[in-house]
Structures are given as structure tokens and as C-alpha cells.
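Trainee: I want to check the labels in this model against their cut-offs. Can we go through them one by one?

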Amino acid sequence: MIIHFSSSFGYDYVYAPIPNTEKIVLGNVYLGTRGLLEFLETHLGLYQKENHNALRIANYEQAINKSLVEHPDLYIQKSFAVDSWGVAQKLLALRDELVFAGFEFNTKQVISISKRLHVLSVIEEHVNGMPKGEADRWIFLLEHISTVKELPVTEVKIYEPKDFLHPFFVDLFQKLESKSVNVTWVNFEYDLDNSDLGNFKRKLLNPDCEKVTLVDDGSLIVLRASNDFILSECIGEYLVMASDLNPLLIIPDRGELLEEAIISRGLPAIGYRGVESDGTIEQLLHLITVFLWNPIHPNKLLQYLLHPIAPISKSLRLDLATTFAKKSSIKSNEWQDTIDKHFEKWSDSASTNQKALKKWFDRPKASLEDGAGIDQIISIYTDLSKWAGTLSSMEERSDYEKRAFQELANQCNQLISVVKTFEGKGEKISEQQLNKWIEAIDIEYSSVQNIREIGSCTYISKPSNLTSKSNATLWWNFVNETNPVKYATDWSREELELLTGKNIHYKSSIINQWFWQQCHAILMTNKKLVLCLPESVNGDVKEAHPLYYDLQQAFINPDVIEKSISLSESTQIDDRAIELINYPQKDLPSVSTHWQFSLDKQLTNREHESYSSLIKLFYYPHDYLLNYQLGIRPVDIDNIEVSNKLFGNLVHSAVHQLWSDTNILKYPPDERSRRIGEQLEITIKEEGSILLLPEHELSLSQFRLIANKSIVKLFKDIKANDWTFVESEEHHKTIDEIGIQGDIDLVLRRGQNEYVIVDLKWGGFKAKREELINEQELQLIIYNRLLSAKGRTIHLCYYIISEQIFLARSNIAFQNATVIKSNKSIESHNQMLWNKMMDTYNLRYKELNNGTAELGIELPFSELEGISEIWTDKTGKYLKVPKNGKNKKADNYSPYSKIVGRI
């Protein structure tokens, strides 16, 4: 068996993508560090199950805990108290590097030299049963090789300079050589001529070379473009025209984009390896914790309910999401009604769904403040693992889906293993700690290899993977590579002295190794090198590869070889004119003032209209047509957020619940205030759990203060003005000139036939004040009609919760109300506004039946005068339309504004 080795051949894959794969014969394997480890372990009978690093971090964290009990003065104690997982993760990486180096962890030897090495040595004394990491496996393997007589390897070829390679592998190959394995360090010879490419190679080999003049002989080309998509199109055209070139492709990333450009032009596929991973399924590892914590996280629950696939049927989750977005409570009547309606409609699956709801929603919750028990976390991930495992075995699913579900099940099991390291210690696990564990469970992506077609260009993923000369090389996305020295340990001078003779990979060697790896493919190219340099990749601005600046320093006139690729101009490459298809620029459709359509029959007036439907009809008829006549309605599932809308909903609900106590107005002020506070807390817990999250502590405090004061004042003023409770949050329907319906916030009575309707608003004092000044309080007028009856006197008012202010036409109902008078009597004003509403209603229906629907967009009045009489009315017959300067105010609430001009 012949092993071809390079540290750049790949860490995760046994077989690296290297050139001339069709020449690989049986008995030759190309291995990187991980591949070589697994190969030797397998053939020497030392197979080791790979342990997830999260398991090792958890074990090492426990070892640090034990160390700090015995040595509380260790310098890491403060950092560990703040972030135990992060500290354990960092220290474990240092520990593994020292294991790989062959360090003995002698506490007496290092105590006076290095605090860091001393701490690591102390911790090592408390490491017990930690799963083996890669460093441990290498050390064990090296020791075992010393004891065997024969190895399953005849030859090892190493494609990397010995001086730059990690010294552990130098020792390893010397050990293999002592076991009669023929070890060859491949000596690469680079051809240097007087071409542009040859002079660039000289500069890379000798930085002190003087600058020379480019002759632009075609051996060295830099292609620049604003983004990698344009470059991919250019390369596709270039490969079609230069069919005899057949270059080696270097593709560090975004190869799927280049592959698409190649195959779309009929060229053979290069077989680029892409990542196959279902990120949506992986999200469940995080989202499932919504059932673990109390208070429940509303937005996380909403994300779970809207997830493409998750425990609990999708149709039920979507129904619940719609309900939850409107009222964020899983204990509300609306929530239960949604479940009942779904079970009634889908009775055949009701039993299964009922069990699923019970399993997830009714499980014991852990306090966010106190943390979760080990059993609770294990239980929830055991259930998720079983669910994922079941789906991974279903025949009707694709292999891709099966792998994704199996990976989720594996991740759950890995997480359970981490959690079990705390078993028996009686510790509670915080949300922060659990999230760190989840993040540490690395996502193992499945890779999918496209089929490489006959005649395609060969590609490599790293420039150092080239093992033979290349006549032509094209480096795709010649952009900045992260220098690995950034992640190298910064050992101090004293520490390095102590580590003398150990297998430490010094920073100087790491830098030299990295530089060699980047230069290698360029040095191995004989005739033509094409470098692709986009300004942005996948939308992110990118810097040029560091070697680009070496190129700049190699020549007096570097701009000569740079070709700018654009969609508007032809580009000369090798005397070939590369022209990309430039699709003609199109302007966005012009804004329309209205839709014109034909009707087979007259529109039918709806049985009942509400305030929200009438607003659309009066001001944005196109929206009314789509919503209420054609039934085209958007799925309105908003994110649950801390907002005035949430505050208003909570106060509405709390006030409604308070009236269930018929004695609420009879209590002494202190008792009433206490009961209001209690009810507010209950409502927050049931419907405003987002406020209970730690990040909203300030918002919760402010809401409690404002809401409590405002509700106390509301009840105080109701009592002071001799009102008694009639109803709250009740739905009404009536037939007037048209059918109308609506939910009235609060109805109070004084005497036999005197009523007041109070519409609760969290904020908007200025807007509601202007509404009354402009005589446009449509919602109150609709409520007035809904409650009107012969002999009744009805007062109308707004109560602005955040301001603790009543807004009304008079102070008859509430003596301390802010009054906005009309120049008419209240009865005359109400009738006048109702008449305007009916005239506007009839006009809009007339327009719709004539096939015209005005659009709810910002347009000058002058453009709308020919659409509706509303815009030319001087008599005040119709309602005033919303104005924004000289334009009609846009319908900010209509999702249909985005399709204006497209229908």
C-alpha cells in the first residue's frame, strides 16, 4: 500500500480532491492528517470511535471544577466563574496541543515558570475518563507503532517540505521508516523562464527580486469583476472559446456557482463537491427548548409553530401560529378554540395530535431563573431524538431527508451524553449553559459529490494539493485566505524554553508552511495562470488574496495584465473577445392610480361590515376588493415583540378579567389597587410572557408602572362618575342602513338609559385628538350604532392608557375628560358623520361595480381626481381621505401595495 500524504489533502475526508484522479490505481491512497490517523488505526486494529468535542469539553469542565476546589487561587477562577464552558473549551485546546507535543504535565517542574502550564498540569491531574481527542489518539498510535513488527504500508510519499510540517509528523514518518517503510519527501522542481508568469514565480521564491516590466505575453492574467457571479459567467464563456486550454481549476469555495456556469454552457461537469445540509431541521435542536423553560419564549414558540417540519402536525401548528400571533397565550380561549376546530375538521388524526400536544406543551417546565434539572433536559432531547429517528427510517422520504433526520437524532444523543456528565451532582443547568452545549454540538454536514463528466477540467480545493505540473491553472476567487497563525498559540519565551525538544509547531514554521501552500500551485504552473478577483463574494466585500500584493510588487506596471469584466463591454482574453449576455435594462412598472376590471355580475354587499373592513373600503378600495370580495387574504402572522400593541392587548385583557369580580368598584382604593396588580401579573404571565424574559426587564418594569396606575385611575373615574359595569370585549351585530359588527372594549351604564362606550387605546393621544378635531372618529360612530336603542343616551370616548386621559366630545360622562367639541350638537354631529360614511360606502361600491378600484398608494391628488368624486368634493358629502402633504397617504398596512402596477 502506498500512501500519498500532505497536511492540506484534507482534514475531514480520506480522499482529497486531487488532479489526474483517473490515473489513481489500486493500492494508492491520498490522505490528509485525519485520513492518515483513521487509516493506520483501522489497519492496526486500533479503531477509535470519534468523540464529539462537546463531550470532551464537558468532561474537562468538570476537571477544572475539581481543580478549583483544591486550588481556589488558580488565576483562571474569575474567568471560569463567568464563563465556565468558554474557559474549558480554550484550555482544552491548549491541553491537546501539549499532548500532541509530548508534554508530561509535571506540576512541580512548571510551577515557578508558567502559570498557564501549571494550571494545565493541575487540571490534568483531575482528568478522569475524558473521551480521547485526536491528539490522544495520535500519541497512542505512535506508541503502538513502536511495538508492531510489520505495517500495512510499503511506501509513504510526502508532498510538503519537512521544515514546515508539524514536527509530530516528522517523528511519525521517522518511526514508520524504522519499520521498513520507504518514506520519500517529494522534492518539487519549479520551471522558471522569462515570461510574466516566470517572473512572478521568481518573486514568490525570492522576495528581494527587483521589479520588472510586464510584457503581457498572456502567461499571467488577472480577471476582476464587481462580483463572483459575473466572473463565473466570464469563465464559462472563456472555457467554451478556449476548448484546447483545459486548465486545472483551484476552487477554495463557491464552486457550485462556477459549476453552474460551466454546465449551463454544455461543458462537462467538474464534479464539484457541495454541502448537503438541511438547516431548517437542525434548527429544531434550538427551538425545542421552548417547551423546556418557563416563561415560554413567544417568538421562539412562533418560530417552532411555523417550522416546515416539527413534532405536531404542520396544519395544526399553522392554525395555532395564526392564533398565537394575535394573542400570545397558550391558555386563552382562542387557543383552545383553534385546537377544537382543528380536531373537529381532522377527526381521524385528532387522537395523535392530542397526544403530541400533551407531550410537548404539558411537560414540566423549568424556571429560567433557577435552571433546568438534568432529567428534564434528557427527557426533551430523548423525545426529539426518537421523533427524528422515526422520520429517518420512513421509506417515502428522500435519502437526503433521511440523513438530515438521522443527523438530528445523532446530535440529540450527543447532547444527552454531555448533559449526563452532570448526572448525580444535583446541579441545575442554566439556559445560557444549555445554549453553549447546543452550539458546541457541531453540525456534521453531509457532502454530495456531483458526477464528474468525461473531458471536464480537473479541480483542486487547495493550491497545495497539486502533485504534478500543470500547463494552465485558473484560480477561482483569488481572495483573502485567513492566515492560520491567527489561531496559533502564543507561547511565551519561558514556556518555549520549557517545551524545548517537544513537538511544538512554532509560529515561524506555521507561517512558512502556509505561504508555501499558497504559492505551490502557482509555482507548479508552467504556461498560463489566470487569477479571478471579485470585489464581492455572495454579497460580502472581499479583499484580494495576500499573494496579489506580491504580484503588485513584482512588476513595474501590474495594471497591464488586469482585465475588468462587465456586462456592458467586451473583454479581450488571449485575443478572444469575451462578451457576456447583457439583458436590456427594464424600468419598474409605472405606478397605477387604479385597477380596471370587468364584472360578470354586480358585487354583493356583505352581510356585516366592521370598522377594519370599512376603513379599507373607504380609503383603499383595492384592498377591500381583494380581502372581502375575492377572498385573497394574506397570512398575517406577526412576530411577537415588545410594542404598544402588546401593551394595549395586555391592558384590554386585564380590564376584561377584572370585571368578572362584581364587587370591583365596591372595594376600598387600596384593596382595588391590590387586585388590579394581581390581575395584571396573571395577564402578563399568560399573555405577555415575552416581557418576562431577562432582556425585557426594563420594559416590564415600565409597563407595570404605567398600566397599574392607568387601570387604577380608570376604575377610580368610573366609580367617581357613578358608572356601573355592563360588559367588556363583547361582540355586537346589528342591521342599520348596512349590516355592521364589532367588539366593544367597555360599556358602562348610569341610571336606566344612560350609557358610555369606552374605547381603550394604549397610546396615540395626538392621533386620536386630531381624529376628533377632523370629525373622523369612525370607530366610535360604529360603536354608537351597534349599541343604539330607543330611549338610550350614549356617550362616546377614548381612554388613552399611557396618558391616563379620556378624550370625548363632552365631559358629561367623565368630568375630567379632555373635550374636543363639535360645532354641532353631539347628536347632529354623530348623524352627520354616519351620513358621510354611508355616502362614501355607496360611492365606493358604485365605483367597484363599474370596474374601478382605487389604489392605496402615495399619489398626488391631481392624479386621483378622475378616479373618484371624493377627490373633487367641495360640499363635505364624503369622508376626508388620509392626507400626507399634497399626496394621498399610503396604506402602510396593506401587503398589496407591493404589487401595485404589476396587475
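Trainee: What makes β5 and β13 a pair?

Mentor: Two strands pair if DSSP finds at least two bridges between them. Six bridges join β5 (residues 220–225) to β13 (residues 525–534), so the definition is met. The two strands run parallel. One of the bridges sets Leu 220 opposite its partner Leu 529 in β13. This is a predicted model: local features need pLDDT of at least 70, side-chain atom pairs count only at pLDDT 80 or more, and totals for chains, interfaces and linings use all residues. Residues are numbered from 1 along each chain as its sequence is written, and side-chain values use heavy atoms, with hydrogens and water left out.

Trainee: What makes something a strand or a helix here?

Mentor: Both are DSSP runs, numbered from the N terminus: helices are H or I with at least four residues, strands are E with at least two.

Trainee: Why are β11 and β16 called edge strands?

Mentor: The open sheet has the order β11-β6-β12-β13-β5-β16, with parallel pairing. β11 (459–460) and β16 (562–564) each have a single partner strand, so one side of each lacks a neighbour in the sheet.

Trainee: How do you know that α23 packs on this sheet?

Mentor: Contact means heavy atoms within 4.5 Å. Helix α23 (residues 546–554) touches β5, β13 and β16. Its direction makes about 125 degrees with that of β5. Axes are lines fitted to C-alpha atoms, for helices over the stretch in contact, and angles run from 0 to 180 degrees between N-to-C directions.

Trainee: Which strands pair with β1?

Mentor: β1 (residues 2–5) pairs with β3 (residues 155–158) over four bridges, in the parallel sense. β1 also pairs with β2 (residues 28–31) over four parallel bridges. Ile 2 stands opposite Glu 155 in β3, and its bridge partner in β2 is Asn 28. The four-strand open sheet runs β2-β1-β3-β4. β2 and β4 (182–185) are its edge strands, each pairing on one side only.

Trainee: How do you know that the length of α26 fits a helix?

Mentor: The expected span is 1.5 Å times one less than the number of residues. The 15 residues of α26 (residues 644–658) should therefore span 21 Å, and the end C-alpha atoms are 21 Å apart, which agrees.

Trainee: Why is Leu 646 called buried?

Mentor: Buried means under 20% relative accessible area; exposed is over 50%, and partly exposed lies in between (1.4 Å probe, protein chains only). Leu 646 is among the buried residues of α26, as are Phe 647 and Gly 648. The buried residues of α26 pack against elements including α27 (669–687) and α28 (697–720).
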